[in-house]
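Dear colleague,

I am handing over the structure below, with a short account of what was found in it. Please read the notes alongside the model.

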Amino acid sequence: MSGIVIRKATEKDVNQIADLDKICFSVPWSEQSFAKELKENNLAFYILAESKETGQIVGYAGVWLIQEEGHITNVAVHPDFRRKHIGMTIIDVLMKESRKQAGIKTFTLEARKSNTVAIELYKKFGFAEVGIRKGYYQENKEDAVIMWTIPL
Ligand SMILES: CC(C)(COP(=O)(O)OP(=O)(O)OC[C@H]1O[C@@H](n2cnc3c(N)ncnc32)[C@H](O)[C@@H]1OP(=O)(O)O)[C@@H](O)C(=O)NCCC(=O)NCCS
């Protein structure tokens, strides 16, 4: 984690976040979707990890703050920067800041059933599998695992 700074994302980060998403997901969000998130969506809150030296965005995570619930939208770390606890740090900061700034008491998210790395990572933060959404991912009809944390 040395040489990495964690900070709140702003609208200036849209292009780099969209580029990172293309590398990390088979069905990435469009640049327009991220532009909407960071410019217009008052409920959206995004944290990112940036290389101090180059300014490259190497990871990000987002959440929608809906009343006392935090709906995590996405978490991604560039393949060259994985297994350095950047993912854990981003999630940790995202959840702590959501609790502190917006009074979030519980978090939820969906993950592909096959994404055992992400599911195990979320369990470290108190997420438990509470249900399945059958065929949720349209392009390959994969099931989504629905996860929630216990309200604090
Ligand atoms: C999931 C993801 C964000 C993890 O990012 P990361 O920065 O590499 O994760 P961390 O280094 O913080 O890993 C934390 C822990 O998760 C587990 N973990 C992470 N990657 C793992 C892997 N490839 N295999 C097994 N366990 C893994 C380990 O327990 C790890 O702790 P350890 O390194 O001390 O053993 C990253 O793999 C990614 O971007 N994947 C593609 C996008 C994605 O699937 N996002 C989630 C959508 S629901």
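What follows describes the ligand and its surroundings.

This is a predicted model, in which local features need pLDDT of at least 70 and side-chain atom pairs count only at pLDDT 80 or more, while totals for chains, interfaces and linings use all residues. Residues are numbered from 1 along each chain as its sequence is written, and side-chain values use heavy atoms, with hydrogens and water left out.

The shell around the ligand (residues with a heavy atom within 4 Å of it) has 19 residues, of which Val75, Val77, His85, Gly87 and Asn115 come nearest. By class, the shell divides into 12 nonpolar, 3 polar and 4 charged residues, where Gly counts as polar.

Polar contacts are pairs of N or O atoms within 3.5 Å. An oxygen atom of the ligand lies 2.8 Å from a polar backbone atom of Gly87, and such ligand oxygen contacts also reach the backbone of Arg83, at 2.9 Å, and of Lys84, at 3.3 Å. On its own the ligand has 920 Å² of accessible area, and the protein covers 76% of that (Shrake-Rupley method, 1.4 Å probe).

Strand S4 (69-77), helix H3 (86-102) and helix H4 (116-123) are the elements that give two or more residues to the shell, and H4 gives the most, with 4 residues; these elements are DSSP runs, with at least four residues for a helix (H or I) and at least two for a strand (E). Because domain 1 (1-104) and domain 2 (106-152) both contribute residues to the shell, the ligand lies between them, the domain bounds coming from an automatic or database assignment.

With best regards

Methods
A polar contact is a pair of N or O atoms within 3.5 Å; within protein, one must be able to donate a hydrogen and the other to accept it, and residues adjacent in sequence count only if both atoms are side-chain atoms.
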